[in-house]
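Reader: I should like to go through this structure by question and answer. Would you please set out the reasoning behind each reply?

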Amino acid sequence: MDILMILAEAARSAVGPVAAIYALAAVGLNLHFGYTGLLNFGQVGFMLVGAYGVGISVAVFDLPVLVGFLVGLGCALVLALLLGIPTLRLRADYLAITTIAAAEVLRLVYRAGFAEPVTNGVYGLQNLSSGFREVNPFDAGGRYGFGAMTFTGNQMWLMTVTWGLVALFAVFTWMLIHSPWGRVIKGVREDEDAVRSLGKNVFAYKMQALVLGGLIGALAGAMLAVHQGAIQPDQFKPQVTFFLWVILLLGGAGRVFGPIIGSMAFWFLMNFTDGFLKGLGREGLLPFLEGPDYGAIQLAFVGLLLVLLIVFRPQGLIGDRKEMLINVK
Amino acid sequence: MRTRLVTVLLALITAFLVIPGAAATADEQGGEALHGQITQPDDRDLGVEGIEITVFEGDDEIEAAATDSDGNWEVVLPGPGDYRAVVDQESIPSEYEVRETVLLVGGEAEVTVEADERRPLIVALDEAGTAAEEPEESESPAEGDGAAEEDEEAAADDEALEVEGVSGGFGDRFAQLTAAGLLFGLVIAVSAIGLSLIFGTTQIINFSHGDMVTFGAMMALLFSTGAAGMGNSLLAIFAGLGVAILLGAFMENRLGRTLLIVLQWTAVFGGIALATLLGVLGDAVEWQVPLWSAAAIAVVMGAVLGGTMERYLWRPLRKRNVALIQMFIVSIGVALVLRHVLLVLFGANRTRYAGFQVQELVHLGPVSMPPRDLVIIAVAIVVLVLVACLLQFTRIGKAMRAVSDNRDLAESSGIDVDRVTMYVWLLGGGLASLGGVLFGLNQVVDYEMGFRLLLLMFAAVILGGLGTAYGAMVGGLAVGLVAMLSTLWFPAQLMNAWALALMILMLLLRPQGLLGSRERVG
């Protein structure tokens, strides 16, 4: 087993396209949970509508990919409003259950038989990335980077755009949080009644935060669609939301760089454990486990990480402990 | 601390930026390939074996591959470029045909593969002759409705529960589905009481409750099909934990603190040691019990699991004053751990309890059911009545309701809140296990069954009112009936969606639930 090779591969995935996409979705979630205190456990639902906005526009209606992005964002806007109007008045834990339920309902609807003419049911849609790759300034067949960090031209293009969006929204978040609007939503997180007593419309602020974070999530979903070139409804299971939560809590909620650091660290750890387990398996050190078990062990590890993080380091890698000690109501 | 961590992380990443020669790994590990999975149209979990797929570049054949027993196939390509994949029509079993899509015309697909891409190619099968049947449906709408229902059920996949073959007029189907809904609702109610009581007493939304359901079903499966090394080991560990919990619950005031802790840890480690021994012995100690006693073992183990989580996880967290939201996230972590440990131990197969699959239907008026379903209904009703009696008439039941109603007031009235909470977890864990056995008997046992049930349990407890045991019963029945009866008019795949929609509607109209009191919702 070549431990250096495994570490190098893990480091490569920490800056790769998937880490970028999850970082983007986690930036949206950070706006929900980190700053506004909304327990959104349905972020994957926003990713799903974003991805299918691109997928259906491109694969079924032959529209340009940019229109697909706009459709995805429009769907996310509608979803956020539909989700927010009934649930934002409720206590936080109700919001969590409702959002996870709504995301599951969405997935069930998108994979159902009657939606098959548009969504192609459980098989999903494919051939989605050609429009995006046509405007690729990099040489599609070429290799970029150095040492362990080598990516193809298409990956480079996607990474440039996605990390660019991450940076854009990180700056955007920073500016928002340091504006009067940001102070109000942080106030909502700390004490809703106090903010209400100042004459602010708490519901409207929560709704704005939900919509903004949801749009960022949908953008991440759309990038996922063009990255993979094919999407299936079953890749938008609640696990994705749990990954996003681990990323957010690992990096530090309520910090601009939290989700970015979190995503890189998370995918580094995921790929490292994967490579390490496979390496041990090849050496014959894990005789009682079979190949498919490694994935399960990895997910159990994610769960354990979530528990340990909350118990021992609720502020994550770069968070502020004082900010995470509040009890969201 | 923070800066140090970040520095270490960054240093680690930059260190591996400069390792030379690693670029070759991508080619060794990845390379270009086409792959996919071909599954049966009526059950997407079962693959079709022996379908041949040949890949051409221009007119040159590159490689051919045949699907294995799971329906997986993969063709390794020499490099990026345009390829033509051809599905061999001869190798497809005669009952199926390839579904035509935009990409796949006449069994041929043109694909472009990028560098380093392992590209999936979707090849879907349909039942042969489905295209020909469609006109018939439009000709006779009355019949066609039923046929479409059947078709959809055939296409219904792992997400939708199985609805017993329902036929006949609307009245018959209504009666049949009401019975099925009653059964489903009772199963949900049995599983959800614990969820509701746990929320009532500790304010924790226990996300791992669904996986406790899976745990019960898996344990019953293990002990009814023959427990060897693994079963014995699990039993030994849980016996040790059980003794430790019981010591804590009953002997707390009679033994010295040090002695108690020593005894508890002796029990736990004794259990682990015994487990190791039995695990090493393996198949030498093999035994098997009928399903009902396996279910009893599973219920006891489920109770111990609940108690263990309370004693060694939630109580310390409460003592540390961890906020409720954080506890909620911890329970998600516990759920992930539990689910995937079960997955590693038992595999991802879908199994059924042996000996109860094919049964003669019993006809009761318009409703016909296999005897196993009647037993499920009877067991569930008896258990629900017993739980209601427990809550209504016994001291501990009254204490549970009191703590559930107002924890602080109960504590100041002299109720030992920690002990009541422990009982609630024991009861909740046991009932969740029982629910799992009943659910597995009616449907199939697999590692995600509990998670699928979890959202419906949430719907049930929210519908009935969070924190009230009777609310969970009423809500469970309502959710079960809505889910099943929705298949009268809507596709079976969406039955869970309707139940969840009902929950969202309830939150809009009466957020405290049917039986909840107003002040619970802030």
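Reader: Which residue takes a positive phi just after α12(A)?

Author: The model is predicted. In chain A, helix α12 covers residues 238-251. Just after this helix, a positive phi of about 125° is taken by A:Gly252.

Reader: What distance separates the end C-alpha atoms of helix α12 of chain A, and what should its residues span?

Author: The helix has 14 residues, counted at 1.5 Å a residue. The expected span therefore agrees with the distance between the end C-alpha atoms, and both are 20 Å.

Reader: How many residues of α12(A) are buried?

Author: A residue counts as buried if 20 or more other C-beta atoms lie within 10 Å of its own. The helix α12(A) is largely enclosed by the rest of the structure, because the buried residues among its 14 number 13.

Reader: Is A:Ser179 buried or exposed?

Author: A:Ser179 is found in the loop between α8 (153-177) and α9 (180-190) of chain A. The cut-off for an exposed residue is 12 or fewer C-beta neighbours within 10 Å. A:Ser179 has 11 inside 10 Å, so this residue counts as exposed.

Reader: Which helix gives the most to the largest nonpolar core?

Author: The largest nonpolar core has 247 residues, and A:Leu24 and B:Ala459 have the most contacts inside it. With 16 residues, the helix that gives the most to this core is α5 (residues 170-202) of chain B.

Reader: How far apart are the centres of domain 1 and domain 2 of chain B?

Author: Domain 1 of chain B comprises 32-127, and domain 2 comprises 170-226 + 288-351 + 365-520. Taken over C-alpha atoms, their centres are separated by 43 Å.

Technical notes: Residues numbered from 1 in each chain as written. Chains lettered and ligands numbered in written order. Predicted model: local features only at pLDDT ≥ 70, side-chain atom pairs only at ≥ 80, totals over all residues. Domains from an automatic or database assignment. Helix = DSSP H or I, 4+ residues; strand = E, 2+ residues; numbered from the N terminus. Expected span 1.5 Å × (residues − 1). Core = buried A, V, L, I, M, F, W, Y, C linked by C-beta atoms within 7 Å.
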